[in-house]
Amino acid sequence: MSSTVTVSELRNHSLPETLLVDVRSSSEFASGHIPGAVNIPLDQIEARVDDLSRNFSIILICQSGTRARM
């Protein structure tokens, strides 16, 4: 299942059992990110998919939404 969550929706809701994955580059992540998010750049996501827990919902984060939708 795929859907889009806005910043305000993410900010206003408690998301238990949710993993926040920031798919921006390492330098973008270092310049600022959502507390608790982990950085897995988009070009590494396929190789690191086994690093993601299947017990959690996953929210992908990027600057404009384009990379997360990919």
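Which backbone oxygen lies 3.0 Å from a polar atom of the side chain of Asn-39? The backbone oxygen of Asp-22 does. This report starts with the sheet around that pair, then turns to the loop and the pocket.

This is a predicted model: local features need pLDDT of at least 70, side-chain atom pairs count only at pLDDT 80 or more, and totals for chains, interfaces and linings use all residues. Residues are numbered from 1 along each chain as its sequence is written, and side-chain values use heavy atoms, with hydrogens and water left out.

## The sheet

Three strands form an open sheet in the order S2-S1-S3, with parallel pairing. Strand S2 (38-39) and strand S3 (57-61) stand at the edges with a single partner strand each, so one side of each has no neighbour in the sheet. Strands (E, at least two residues) and helices (H or I, at least four) are DSSP runs, numbered from the N terminus. Two strands pair if DSSP finds at least two bridges between them.

Strand S1 covers residues 18-22 and is joined to S2 by two bridges. Five bridges join S1 to S3. In both cases the strands run parallel. Val-21 has Val-38 as its bridge partner in S2. Asp-22 has partners in both directions: Asn-39 in S2 and Ile-61 in S3.

S1 is mostly covered, with four of its five residues buried. Buried means under 20% relative accessible area, exposed means over 50%, and partly exposed lies in between (1.4 Å probe, protein chains only). In a regular strand the side chains alternate between the two faces of the sheet.

## Asn-39 and Arg-24

Asn-39 sits in strand S2. Its relative accessibility is 17%, so Asn-39 counts as buried. Arg-24 lies in the loop between S1 and H2. At 11% relative accessibility, Arg-24 is buried too.

The table lists polar contacts around these two residues. A polar contact is a pair of N or O atoms within 3.5 Å; within protein, one must be able to donate a hydrogen and the other to accept it, and residues adjacent in sequence count only if both atoms are side-chain atoms.

| Side chain | Partner | Distance |
|---|---|---|
| Asn-39 | Asp-22 backbone oxygen | 3.0 Å |
| Asn-39 | Arg-24 backbone oxygen | 3.0 Å |
| Arg-24 | Asp-22 side chain | 2.8 Å |
| Arg-24 | Glu-28 backbone oxygen | 3.4 Å |

Now widen the view to contacts, meaning heavy atoms within 4.5 Å. Not counting residues up to four places away in sequence, Asn-39 touches Asp-22, Arg-24, Ser-25, Ser-26, Phe-29 and Arg-48. With the same exclusion, Arg-24 touches residues including Phe-29, Asn-39, Pro-41, Ile-61 and Arg-67.

Ser-26 belongs to helix H2 (residues 26-31). Its relative accessible area is 46%, so Ser-26 is partly exposed. Leaving aside neighbours within four places in sequence, Ser-26 is in contact with Asn-39 and Pro-41. The C-alpha atoms of Ser-26 and Thr-4 are separated by 23 Å, with the two residues 22 places apart along the chain.

## Leu-60 and the pocket

Leu-60 lies in strand S3. At 38% relative accessibility, Leu-60 counts as partly exposed. Not counting residues up to four places away in sequence, Leu-60 touches Val-21, Val-23 and Ala-68. Leu-60 and Thr-4 are 56 residues apart along the chain, and their C-alpha atoms are separated by 9.4 Å.

Rolling a probe the size of a water molecule over the atoms shows where empty space is left. On a 1 Å grid over the protein atoms alone, a pocket is an open set of points where a 1.4 Å probe fits, with protein on both sides within 12 Å along at least five of seven lines; lining residues have an atom within 4 Å of a point.

The largest pocket has a volume of about 1100 Å³. That volume is the space filled by probe spheres set on the points, which are joined across faces, edges and corners. Its lining has 35 residues, and Ser-3, Ile-59, Leu-60, Ile-61 and Ala-68 lie nearest the centre.

Which element gives the most to this lining? S3 does, with five residues. Helix H1 (7-12), S1, S3 and helix H3 (66-69) each supply at least two. The lining divides into 18 nonpolar, 11 polar and six charged residues. Here Ala, Val, Leu, Ile, Met, Phe, Trp, Tyr, Cys and Pro count as nonpolar, Asp, Glu, Lys and Arg as charged, and the others, Gly among them, as polar.
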